[in-house]
Amino acid sequence: MDDPRRYLPAVDVLLSHQAMERSQISHRLKIRAVRELLASERQRLSRADATPLESEQLVSQALDMARSLSASSAPSVFNLTGTVIHTNLGRAPLAEPAIEAMTRAARHSLALEYDIDSGHRGDRDQVVESLLCELTGAEAATVVNNNAAAVVLTLSALGAGREAVISRGELIEIGGSFRLPDIMHTSGCYLREVGTTNRTHARDFEQAMGEETGMIFKAHTSNYAVEGFTAAVEESELARIAHARDVPFIVDLGSGALTDMAALGLPDEARPRQSIEAGADVVTFSGDKLLGGPQCGLVVGSRDCIDRIRRHPLKRALRVDKLIMSALEATLQLYRDSDDIARDIPTLTLLTRPQTDIASTAERLLPALVEHLSDMQVSIAPCKSQLGSGALPVDRLPSHAFVIAPIASERRSGERSLRLIETAFRQLPRPVIGRLHDGALWLDLRCLQGEAEERAFVEQLGHLSLNRDSGS
């Protein structure tokens, strides 16, 4: 028999097909897709039992491949994990004014480091410095690309070559192997631990102060909480001890809320203004957590300390671009001007969403889910959402979730069925990310809000494919 690979159409033949010519995909991408498909076909047809495809099938597969090649490697997803500020899913969604500001900055030149009044070079920190000072009570402020960078830069600029005194119970490690002892070493500081894991007193700090002391450092505990027989030193007392030795007192807040969370009916969270008022010389916190802005690290504090931080060589390497600065400015303006901050900052909107509203969403969408998962048991159950990204690790918010589990007669193959359904949701056009818990897939609906989002969720359910023959 003739080798079927001899009869594969040429690249130009497939590219001249009507369906190819009608497609809006770039010619360059179509060429790449056709070549890769034909190479794959040659390999497949080398097997004796392989059947050649028709030209129509080859064109269809080539177009599918071209679309796949042009698709984003970081697609939009439905975050139904129950973690509102999810690090792996991009943390905080931006407010509309911030999105508009980023779009404007992307489209046009921007007076980022240019002083309009004088016609001379300016400082990009000036875009947001006055806003940050107004909102935190600090004398000065600067911005870097994330809070880890803010901590590294602050330690390097203010404490390199000297001891950083910190409570043993605050030597944190967070996601991505960010370990505070390692960061201090990298920054050139010498770690000086005081107290014990669960109890540290003012006398521990006082006894540690000496000629080699460069700062007192306080880290807001992230991703965990120490409870029970505990003791910690108030920030005002730490500031007094540091200033008596003429060294700075540094506070890393991590999440860094800019509004009174308790006033919104949420668990309370430390704010930069409180630390500044307590006497902190520098406070670092994130822009993309409870603040609800873009990824960045914010550094606020005394004019002297911030000037020293700005002059450090690392500052330029860690600075943010015009897109981030524009989004941050718009977000901070909302905090200054909004009459309803929980309405205008999407992260706060999701965190303060009433449980009754979430339950209503579940009831509306349940029939559609049951229709497309007829061979699974689907129900609604109360659950607890968490804030995420290290903020308030113990506190939970009441919510409702879809609970998808194998029917009773299939419980033996339940684990395999759960993996299949979880994978099927992840492979939807807009992936749905939930969590496996207690023998079921849970889809927490706290972050599924609004008619447009509900409609988008339901409309793609028809794409659910549970391939039970694909293996375990």
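In this predicted model, strands β8 (residues 249-254) and β9 run parallel and are joined by 4 bridges. One bridge pairs D252 with T284 in β9. Between the two strands the chain passes through helix α11 (residues 272-278), and this β-α-β crossover is right-handed.

Strand β9 covers residues 282-286. Is β9 mostly covered or mostly uncovered? It is mostly covered, with 5 of its 5 residues buried. In a regular strand, side chains alternate between the two faces of the sheet. On one side of β9 lie V282, T284 and S286, and on the other lie V283 and F285. These residues are all buried, so both faces of the strand count as covered, buried here meaning under 20% relative accessible area.

A second partner of β9 is strand β10 (residues 297-301). These two strands pair in the antiparallel sense over 5 bridges. T284 appears again here, standing opposite V299 in β10. Strand β10 also pairs with β2, again through 5 bridges and in the antiparallel sense. Within that pairing, V143 stands opposite L298 of β10.

These pairings belong to a wider sheet. Which strands make it up, and in what order? The sheet is open and has 7 strands, in the order β2-β10-β9-β8-β7-β3-β6. Its pairing is mixed. The edge strands are β2 (140-144) and β6 (190-194), each of which pairs on one side only. On average, neighbouring strands of this sheet are turned by 25° against each other, direction ignored.

Helices lie across part of this sheet. Helix α6 lies across β2, β9 and β10 and runs at about 120° to β2. Helix α12 (residues 303-311) lies across β2, β9 and β10 too, but runs at about 30° to β2.

Helix α6 also has a helical partner. Two packed helices are described by the angle between their axes and the distance between the axes. For α6 (residues 129-136) and α14 (residues 322-337), the angle is about 35° and the axes are 10 Å apart. The crossing of α6 past α14 is left-handed. Which residues meet at this contact? From α6 come L131, L132, E134 and L135, and from α14 come E329, L332, Q333, Y335 and R336. By class, the contact has 5 nonpolar, 1 polar and 3 charged residues.

Another sheet lies later in the sequence. This open sheet has 4 strands in the order β11-β12-β15-β14, and its pairing is antiparallel. Its edge strands are β11 (376-385) and β14 (435-437), and each pairs on one side only. Neighbouring strands here are turned by 35° against each other on average, direction ignored. Inside the sheet, β12 (residues 397-406) and β15 (residues 440-444) run antiparallel and share 4 bridges. V403 has W442 in β15 as its bridge partner. Helix α17 (residues 355-372) packs on the sheet and touches β11 and β12. Its direction makes about 15° with that of β12.

The whole chain gives the wider setting. It holds 19 helices and 15 strands. Of its 472 residues, 47% are buried. The C-alpha trace spans about 90 × 60 × 45 Å along its principal axes. Among contacts between residues at least 6 apart in sequence, 74% join residues at least 24 apart.

Note on methods. Residues are numbered from 1 along each chain as its sequence is written. This is a predicted model: local features need pLDDT of at least 70, side-chain atom pairs count only at pLDDT 80 or more; totals for chains, interfaces and linings use all residues. Side-chain values use heavy atoms; hydrogens and water are left out. Buried means under 20% relative accessible area, exposed over 50%, partly exposed in between (1.4 Å probe, protein chains only). Two strands pair if DSSP finds at least two bridges between them. A crossover is right-handed if, with the strands pointing away from the viewer, the path from the first strand over the helix to the second runs clockwise. Axes are lines fitted to C-alpha atoms, for helices over the stretch in contact, and angles run from 0 to 180 degrees between N-to-C directions. A crossing is left-handed if the near helix is turned anticlockwise from the far one by less than a right angle, and right-handed if clockwise. Contact means heavy atoms within 4.5 Å. Ala, Val, Leu, Ile, Met, Phe, Trp, Tyr, Cys and Pro count as nonpolar, Asp, Glu, Lys and Arg as charged, and the others, Gly among them, as polar.
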